[in-house]
Each structure stands twice: as C-alpha cells, then as structure tokens.
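Open the structure in your viewer and keep the sequence beside it. The stops below say what to select next and what is there.

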Amino acid sequence: MGVRARCREGRVINLEGNPEHPGSNGSISARVAAQTQGLYNPDRLAKPLRRTDGGQLAEIEWPEAMETLRIWFRERLDAGRAGAIAWLTGEIADSDAAVIEAFAQALGTRPPVNLRLQPEGNLAAAARDLFGYSGVPEYRIDQATFLVSFGADFLETWGDPVAQIGAFTKMHAHREGVVGRAIYVGPRQSSTAASCDRWVKLAPGKEAAALRVLIEGIGAGEAAHALSTVPLAAAQQVLGDELSRTLLALGQEVAAAEAPLVIANGSGPDGAQARALALLATHLAGGTGRTIIFPQVPRPPRGARHGEVKSLLDDVQSGAVEMLLVHSANPAFLMPGGRAALEAAGTVVHFGTQHDETAHLADLVLPIHHFLETWGYHQCSASALGLIQPAMRPVPRQLPDDQPYPQHLAGSGTAKLDAGLMRFDSRPFPDTVFLLDAILDTGVFGPSAELPHGLKSAEDHFVARVMAFAAEHPEVMEGLAPAAFLREAKRRGVLIAPVPSQPVTLRSDASLPAQNPVESGSITALLFPHPFLVDGRDADKPWLQEIPETSTAAVWDTWAEIHPATAEGLGVGLGDSITLARDGAEITVPVLPLEQVMQGVIAVPIGNGHERMGRYAAGVGANPMPLAHVAQSGDNLVLHGFTVETRAQAGTGELVRTTFMQTQLGRPLAQATDLAHAGERTDYPGVHFDTGQPGSNLRSMYERHEATVHEQFMWGMTVDLDACVGCGACVAACYAENNVPFVGKELIRKGREMSWLRIEKYVEDTGEVRHLPNLCQHCHNAPCEPVCPVHAAYHTYEGLNGQVYNRCVGTRYCSNNCTYKVRRFNWFDYHHVPEPLNLLFNPDVTVRERGVMEKCTFCTQRIRKGREDARRAVLDQGDEAYQAARPEDGAITPACAQACPAKVFHFGNMADPTHEVNAIRQGPRSYHLLGDLGTRPSVTYLKKVVREGEIAVHTHAAPHDESVVEPATEGSTHAHE
Ligand code: SF4
C-alpha cells in the first residue's frame, strides 16, 4: 500500500504515504489512515484461544496452542490424509502467501485458496483466453485520454484506489493541462461516477450486453470470431433501442480517442464476460501497450474464482476437508453459506488479528502480529516490490508508572520479544509456520527446502526476498555492498525495477467466457462495497464508521438507496425500513430515497452487519452478503443484477447522516466554470474575489493584518475543486494527525460530529456533482474572533485563526458566528478512549477536554516544526539569519494535503513570493468561499471545470455592501495581540 509510519516514543501515531512508492506517490486513503486503529484496537485478539469441551473459546498459552496444532497435523499426515488439510487466505501479504504455498506444497495439502471480494482471476483468465498471456495485465489510467468504466468504482474500492486517484488526476484534472474524458456506465452514481464527466444509466446485470454493443461501435474487426458467442442482436434486445444507440455512439467515441481505456467491475451475473469484453474493447480501440500493458514478468492473479472458494467450503461442510486453516479471511461473513460450512466443519484453525465471525467459529485461534509489527513483502505491481517492516515493537501492555515505557523495550528483533510486555500475545505469521515446521519435523524450511536455507523468522524471510530481488535485478544495488543495499532498501520501503511491456496479439482462437442466466424482475439488487469498509474487514475502525460515506453522508449503518419513484411504489420513504429477502436470507435496513440510483434498483453497501469483531463493529448495520450468490459459471460472486423480494417496514428506519441536503440553494459555494472559460476569470455576479493583498477590492471596517503583523509569515491554502473526487482520505488523515475524537452514532444524530474537515457534496439540477472540502478558512476578518469574551479565538501573528484551549470557557459564541460552520465543541471528555487506543494520540497536539471549542489549525504543529527546522538550519549564521529564516516552499504540508491522492490542496506562505500558493491563488479559477461577506479567508478555492453539458451557475449571492466604511483601526478584534 506504499505507506510509512510516523513514530513517537516507540509507538506508531500516524500513517503517511511513502513518496518513493510509485503507487501511493506519498498519498494514502482513508482506509490506510485508519489501520492504526486496528493496531491499537482494544478488542484485538490478545491470546491464543481453544474451544473447550463445553464449546466455549478459552485462552491458552502458545506452547499448548502449538502442541495442539502439531497433534492435529500429525494425525492427518501420519494417516496419509494430507489432502484433507486446506488453507483459505484473505488479503494477506505475498510473503505470508509464499510461506503457505511452500508449506502446503511440501506437505501435500490442498493448494491454498485466496478469498477476495473482487478477485483478479477473471481478468487473468481473459488475458489468457484472448491473448495467450499468463498473468495480470496492468491498467495505465494516467495514460488514457478517454476512460469508460462499466460499474468499476476505481476511485473508491475497485483495484488500487490511491494509485488510481493519482492516475485519474493526471489524465483528468485541469491543472495538469489535460482534457481527458471519463464516462461512467452503471446503475448508481457512486463517487467515481460523480467524478466522471458523464453518467450513462445502465441497469444492474447488463454490463456484458452493454460492452458488446460498445464494441460494435468501436468495430469488432479481428475479434468477430470470438464475439460470435455473444450475439449483438441479443445484447441490443437486452438494452433496448435508445440505450443501444447511446452505447454505439460511445463506442465510436472510444474508437476515435487517442488513448482509450475501458474497464469493467466484474461483479455481475456475467462478471467474467464483462471483464473480458472490456479488455477486448480496449485492445480493439488501440489501447494495448498504452493504457493497458502486459508486463514481461507477469504477476499471478490474487483472488480465486468464487466458485473455487464455494467448492472448498462445500468440502469443509461435507467433511472432505477435515482441517481448514484460515489466514485473515472471514468466509463466515463474506461468503453466502460460509457460516453454515464453518459450523459443520471438522476442525478450523484461525490466524488473524480480529475476533471476527470466522474466529468465533474456529476451534483454535492464533493471534498474529499486525502488519505494522512485522516483516514481509508484497508485489505491488510488476515493477515494484513493497517492503513491510516493523514500525514498532508489538503494542505494549500498560506498565506501572515507575517503569517508563522505553526502558522495557531493550533488545531488537521480533524473535526476542518478551511476551510479558506485550498487550496482544501474538506472533508473526511466518514464525508460527516455521515453528510448526520444526515441531512437526517436516523440514520444509530446512536445508532441503525450496525457500532459502535456514529460514527461522519473518525477518529472515524478508531479507532473503530482498536479496533475491537484487540478484534478479542487479541494477537496484546501485553499486552498494549487500549490507548497505539492505539498509537503503529498508529506508526506501520499496524496490523498483521497471519491467517492459510485452506486445500481444489477439489469438486466432480467442474465446470469451460463457454467458450466465440474467435475472429480470421489477426490483433488482445492487450490493456495493462501502468505500471505507469494503468487504467488512475494516468495520472495527471507528474513524471509518464515523467519516460520512462519500455518496450519502451516512454513518455507522447499512442502508438501502432507492430512487424516490421506486420507493413510493414500494410504499416506503425516509424514516422507514425495508426488508430484502432471497433464498431464505433476509436483511432489514433503513430506506434512503436518492435520485442517484436508477429506478427499480435497491443499492445496499457491503461492510457492516457484523455479529462479532469487537465493540465498534458488532451490531452496526446489516450484512447483505447472504443475499448474494456465486454465478452459475463459478466465476464470481454475483453482487448485483439479481432479484429480491421486498417488505416495507413503516417508520422503523432512522438513518443518521451528517447532512440531509445536497443542494447549494442557489448560493455559489462550490463554483464551476467550463472548459472554454477555465483560463479566464469569470466571477459570479455579486461575488468579488479578494486577493488578500493590500489594495484588494473588498472594503472593511477592520485593519488589514498583512500590512502590519504578517510580514514574515501568512499561511494560506488553495483547494482545487476540479481535482477533488470526494474520497475522504484528507478527513481521515486529519482525525489521525489532530487527535480528533470520534463520538458515535447517537451524538452525530444530534449534530455533534467533531470532524475538522468535511467534504460537502452538491448535486446540481443538471446532475453534475461538486465536492467541496470545507475547513476553517482562517479568515483575516474572522467573525468568530471578536465575539469570544475570553479571547480564546484570536488572530496569530502568522495569519492563523488560533484557538487557546485552556482559555476557552465554552460559550460557543464563536461557533454561532462562524460563517462556515467549521467549529466543533467537546460536549464530553471524548479522549477517554479504551486502552490501548490512547497510544494513538499524537503527542504534538493537545488532547482537548469537555467544554472546549476546537477546529482546524492548518496543522499548526507542522508549521511550528517547519519554521523551527528552517531556523535550526541557520543557527550558526547569527541572529539576523535566524530571525529571517523561512521554510522553503513545500517544507510544510498539513495532514490533509499530504494524504490527498489527487493533490487537491496546496499550502504555503503567502508572505513569501517564492511560494507557489501565491501564484495558484491568483489564477483565473480562484475564488473565496462566501467571499462577498468580507471574511477574507486564507483558503482559496479553484473552480471545478465542467467538461460536458450545461454548467449550473448560482447567482444567489448577497450583494457586496459598498456602504461599509474602512478601515477602523481602533477597537478591532486584534487589539489584544
Ligand atoms: S481533497 Fe480529500 S476528498 Fe478530495 S480527493 Fe483529496 S483526499 Fe479525497
């Protein structure tokens, strides 16, 4: 995932993108930011557990756990029943997968099966059947000039969203000087669809048919033979005349594009066929070798066909598999029928960090280290090997006050751990397998093993892989000696050896996957991965529950999105619930009427509905996965395009959302311009742009600070609305950096969420969507400052809107007066989190108490550090140089800006002309939020650039009041400075 950990006092406090990683490019997602809440989760598995004769799971010590495992393995191996032992893995690192693979192969157990919600197997199979390529082709979204996505939410959950947001920005954002287009074809306007230029509505389950017609528009050419199994007429009949015409025309646009790319989700009844058709469409339009490449060193696909997973679970249920070893997968939650299989299973061993539904059904539970505590590696792409290193010793238990923490952490290496100091008595996963190998005396990892000689720990395994990579690609050594190279590799956290693309041609016998029957009915379901919780494995991280879902602003729940007309037909509305039933499974969820979903479709997010997995996940929402089924061909789980029965439940469904409105009410908040006018200033009527410089046009009764006190520093930020895709990474990063508390569903219902930064989503009448990151604007004429009776809100000499916590008496006048509603009040002592979540607090930032107002500080702690670093650099040059020292442009980056994969934010010193923020904020697209009110914000927005269709213009701005007399120099709000 390309992250690095920031540590203080021996503990991880924050995750940041690794700028040297080609995928993350220094950015993260909300999910990545929240992984520390898994590390310090109070309900993390703390001890090995074994099922007792009474049927309960009871804590045991590691020696007993390993002896139990040894006996269970020996029983089967000695009886020649190695084939009755099976592995099922989830989203694990390649290093763990390699250990399992080697162990399973040597012992003759079944080959491991990898369970993922969106497996790559279908794409790899398509590459093989169409081009004879064995491996996973790679998309080059950044190279595309015309991108069409058939239901693939590539900015949220499909593929690698962090890398793909960065790539999408490159091909689409106006500031990059490109005019790439993106079209989304699907049943729901997801955040990805909202960030594209056009949303073509397509009912669930019709992707393959739609792609077939699209290819006709491109020109079937050399693929005519392969396409004979997918008749055009049948596809057109499925779609109807109007949609067929639209897709034919879209196909012609794809064919005419310089660098086209077509991608498909692959979770429908014809998921495998849709992915293959998308690959074929890209090839026929000329994208091969440019927008999709076939690396010469292929990477094997991750994620088995779901039919394979189902057949494994069937064997578990029937007893053909006697012992199932599960590593970080949760089939009891994710696979329809998974729970029944595990309940009937002979023996289940669970390796993981979470006490989830599968762990709860296991006979033996073995806690493993969190990825931030262990060694490993992961092939992120054909050319990049990500290196996983322990960022801290395993999470320590609470020590008495007279035993300071660092003193007890002498020694190094996970092998030397003193379990008495560890809060969670876990082991690195590879170490457990190596130990099992030793006590079974199987010698898999001994001298004769396939893996390098003498592996004894995860660290050895790591070192062996790094050195093997260097042997395969000597150029990465850069002339360094092995020890120095290893040090450098650890520092970088990633090894990169570009792999050239290999040319491919369409096979003469190219074939497409078979078609599955598609259900039709008046109501079809669409199960989609929640953008933060995805397949449910992150539901135990409270930030991810609390940050508003990107499309609906819903929190801590599962819901049913239904078009208002459909909802009316079903007799439900806001405040009601609906029961969805299929094949004996049913869920009941609150109804959310939304225009952004097609009529006849009920869309439900996947991720919540856990019965287990700790206090933050258990009992939240409902799990829709039992409604899904495996496609008849066994290729994939069918997550949409199937029928469900519905029952209305009047008045029983309250959904908590942080906002109920997606309209600007005619106010020019999130402004836009069109492509033709993006290079020229086009202010809205009545809205004046204030450059913030002396002599600027707005008149005020207040003195201008910059002329008096902000000579050296005046911090400012720009926010490019054209690049923002509403992913929420900035929000999560802000929570992590600034100790922003989570408060839970009940308090959010009362409007007491604490987020310092929120992403406002506005849907125009034209259907166009605008995302507006909203935070404290650090106004130079801040309405919050003069109303504070105790001067807790004040203006700093660096142009920041400061807040002195220990002066604040909680009148909340400032919040009442804030134009932007970005101030948050601590109604309770939220910092009393259960241990060890408290280890997550950033020591550079005050932990606020009950009764105190707080808000965005522009990460003032980072500003202070940047300023001090600049001064430290000139310490030997005398007092004058020290006083004049200023951080260079880019030396200070607030957490939101650092996290954002789209690089929406730009931060700098407005008093230093060398800082780029000055040029950006003077650009033609810039404006101030509600700037006509004269607040003179330090945040400057850049208008979104609308590429297609009519642009909605808002004119309901208050006229600028020319009668205000300027300046009033006495009695100003800043007299106390
Ligand atoms: S500003 Fe925030 S929501 Fe928008 S793209 Fe960046 S991280 Fe995502």
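Begin with the largest nonpolar core, which has 165 residues; select Phe150, Phe858 and Phe905, the members that touch the most others. The model is a predicted one.

Stay with Phe858 and show its surroundings. Leaving out residues up to four places away in sequence, Phe858 touches Trp715, Gly716, Met717, Leu775, Cys776, His778, Leu800, Ile863, Pro894, Phe907, Ser938 and Val939. Apart from the core of Phe858 lies another core, of 54 residues; to find it, select Val309, Ala329, Leu334 and Ala341, which are among its members. In soluble globular proteins, nonpolar side chains tend to be buried together.

**The ligand**

Now select the ligand. Which residues are closest to it? They are Cys724, Cys727, Gly728, Cys730 and Cys900, out of 14 residues that surround the ligand. By type, the shell around the ligand holds 12 nonpolar residues, two polar ones and no charged ones.

**Helices H5 and H12**

Select residues 121-131, which form helix H5. Eight of its 11 residues are buried, so H5 is largely enclosed by the rest of the structure. To see the buried ones, pick Gly121, Asn122, Leu123, Ala124, Ala126, Ala127, Leu130 and Phe131. What covers these buried residues? The cover includes strand E7 (138-139) and helix H12. Just after H5 comes Gly132, with a positive phi near 70°.

Move on to H12 itself, residues 271-284. Its 14 residues should span 20 Å at 1.5 Å a residue, and the C-alpha atoms at its ends are 20 Å apart, so the two values agree. H12 is mostly covered, with 14 of its 14 residues buried. Gly286 follows H12, and its phi is positive, near 100°.

**His172**

Select His172, in helix H6 (residues 161-172). Is His172 buried or exposed? Its relative accessible area is 4%, and because the cut-off for buried is under 20%, His172 counts as buried. Show the side chain of Asp197 as well: the side chain of His172 makes a polar contact with it at 3.0 Å. With neighbours within four places in sequence left aside, the residues in contact with His172 are Val178, Gly180, Arg181, Ala182, Ser195, Asp197, Asp722 and Arg947.

**Asp437**

Go next to helix H17 (residues 429-440) and select Asp437. At 6% relative accessibility, Asp437 is buried. Which backbone atoms does its side chain reach? One is the backbone nitrogen of Gly443, at 3.1 Å. Another is the backbone nitrogen of Val444, which lies 2.8 Å from a polar atom of the Asp437 side chain. Not counting residues up to four places away in sequence, Asp437 touches Phe103, Thr442, Gly443, Val444, Phe445 and Gly446.

**Ala873**

For the last stop, select Ala873, in the loop between helix H25 (860-872) and helix H26 (878-884). Ala873 has 57% relative accessibility and counts as exposed, because exposed means over 50%. Add Pro887 to the selection: Ala873 and Pro887 are 14 residues apart along the chain, and their C-alpha atoms are separated by 10.0 Å.

Terms used
Residues numbered from 1 in each chain as written. Predicted model: local features only at pLDDT ≥ 70, side-chain atom pairs only at ≥ 80, totals over all residues. Heavy atoms only, no water. Helix = DSSP H or I, 4+ residues; strand = E, 2+ residues; numbered from the N terminus. Buried < 20%, exposed > 50% of the residue type's maximum accessible area, 1.4 Å probe, protein only. Polar contact = N/O pair within 3.5 Å; in protein donor to acceptor, adjacent residues only side chain to side chain. Contact = heavy atoms within 4.5 Å. Expected span 1.5 Å × (residues − 1). Core = buried A, V, L, I, M, F, W, Y, C linked by side-chain atoms within 4.5 Å. Near = heavy atom within 4 Å. Nonpolar A, V, L, I, M, F, W, Y, C, P; charged D, E, K, R; others polar.
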